[in-house]
Amino acid sequence: MDEFLKSVANSEELIFVGIDPGSEGAIGFLCGNFACVVDIPTYKTERSGKKLDGSSKTKTLFDHRAIVELFKPFNPLRKRIRVCVEEAQVQIKGKGANAYTGFRVGVGFGMWSLFFTALDYYHEVVAPISWKKNMGLQGKDKEFSRMKAAAMFPNVKLTRTADHNRAEGLLLAEYLRRKVYGA
């Protein structure tokens, strides 16, 4: 991140930020030829109940303080920043589909608009189907997203299958860049 900030600090170009907002999500940053991606800061905490093996259950929470610290260096550049947040999608069927999960997804998604409004950053929300169609992605194929982003941003390490969230953060930033510049 430090290298990206040094690269864009003296630039006049817009800085595009793409947010894949889940608790395993990522934040992609683009400015000119520079790209950077970070995982959304989170931490694990115990929750009530035990697993079948007797171990403690955990839940992943957003590390709000670390998120604020991550964006602090960008505050002087706020007029150049454009943010695109993917609209959160709640599962209604299958593993993990319950009211608690739906609530957590909603809270996590809602915090981003509040955060960027408080910082006075331009931001918009986009439905997954819209940005993915625009970027030529097909359905929910996470591996395809990762491969596409790796080809578009060869200087960003996206080698693990689990890097699909990082890839989508970058692709969301690229989607917004294309939208702004009419490409």
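From the N terminus onward, the elements of this chain follow the order α-β-β-β-β-β-α-β-α-β-α-α-α, which amounts to six helices and seven strands. The model is predicted. Its chain has a radius of gyration of 17 Å, close to the 16 Å that the globule rule gives for 183 residues, so the chain is as compact as a globular protein of that length. The points below treat overall dimensions, nonpolar cores, cysteines, salt bridges and one buried asparagine.

**Overall dimensions and packing**

- The C-alpha trace spans about 55 × 35 × 25 Å along its principal axes.
- Buried residues make up 41% of the 183 residues of the chain.
- Among contacts with a separation of 6 or more, 58% come from residues 24 or more positions apart.
- The exposed area of the chain is about 10500 Å², and 53% of that area is supplied by carbon and sulfur atoms.

**Nonpolar cores**

- The largest nonpolar core contains 27 residues. Within this core, Ile27, Phe71, Phe74, Trp112 and Phe116 touch the most other members.
- At least two residues of this core are supplied by each of the helices α1 (2–9), α2 (64–71) and α3 (99–119), and likewise by each of the strands β1 (15–20), β2 (26–31), β3 (34–39) and β6 (81–86).
- Helix α3 gives the most to this core, with a contribution of five residues.
- Another core, of 21 residues, lies apart from the largest one. Its members include Leu30, Trp131, Leu137 and Phe153.
- Leaving aside residues up to four places away in sequence, Ile27 is in contact with Val17, Gly18, Ile19, Cys36, Val37, Val38, Ile40, Leu70, Phe71 and Trp112.

**Cysteines**

- A search of the whole structure returns zero disulfides.
- For Cys31, the nearest cysteine sulfur belongs to Cys36 and is 12 Å away. A disulfide requires the two sulfur atoms to be within 2.5 Å, so a pair at 12 Å does not qualify.
- Likewise, Cys36 is in no disulfide, and its nearest cysteine sulfur is that of Cys31.
- Both cysteines have low accessibility values: Cys31 is buried, with a relative accessible area of 2%, and Cys36 also counts as buried, at 10% relative accessibility.

**Salt bridges**

- Side chains of opposite charge can pair when their charged atoms come close. The structure holds ten salt bridges, and three of them are described here: Asp39–Arg166, Lys79–Asp120 and Lys142–Glu168.
- Asp39 and Arg166 meet through their side chains in a salt bridge, with an N to O distance of 2.9 Å. Asp39 belongs to strand β3 and Arg166 to helix α6 (residues 164–181), so this pair ties together parts that are 127 residues apart in sequence. Asp39 is partly exposed, with a relative accessible area of 40%.
- Lys79 pairs with Asp120, and the closest N and O atoms are 2.9 Å apart. This salt bridge links distant parts of the chain, 41 residues apart: Lys79 is in the loop between α2 and β6, and Asp120 is in the loop between α3 and β7 (122–126). Lys79 counts as exposed at 58% relative accessibility, whereas Asp120 is partly exposed at 46%.
- Lys142 forms a salt bridge with Glu168, in which the closest N and O atoms are 3.7 Å apart. Lys142 lies in helix α5 (residues 142–152) and Glu168 in helix α6, so the bridge ties together parts that are 26 residues apart in sequence.
- The two partners of this bridge fall into separate accessibility classes: Lys142 counts as partly exposed, at 32% relative accessibility, while Glu168 is buried, with a relative accessible area of 1%.
- Lys132, Lys142 and Glu168 are joined into one network by salt bridges that share partners.

**A buried asparagine in helix α6**

- Asn165 is located in helix α6 and is buried, with a relative accessible area of 12%.
- With residues up to four places away in sequence not counted, Asn165 touches Asp20, Glu24, Gly25 and Ala26.

Notes:
Residues numbered from 1 in each chain as written. Predicted model: local features only at pLDDT ≥ 70, side-chain atom pairs only at ≥ 80, totals over all residues. Heavy atoms only, no water. Core = buried A, V, L, I, M, F, W, Y, C linked by side-chain atoms within 4.5 Å. Buried < 20%, exposed > 50% of the residue type's maximum accessible area, 1.4 Å probe, protein only. Helix = DSSP H or I, 4+ residues; strand = E, 2+ residues; numbered from the N terminus. Contact = heavy atoms within 4.5 Å. Salt bridge = Lys/Arg side-chain N within 4 Å of Asp/Glu carboxyl O. Rg over C-alpha atoms; globule rule 2.2 N^0.38 Å. Areas by Shrake-Rupley, 256 points an atom, 1.4 Å probe, with all protein chains shown as cover.
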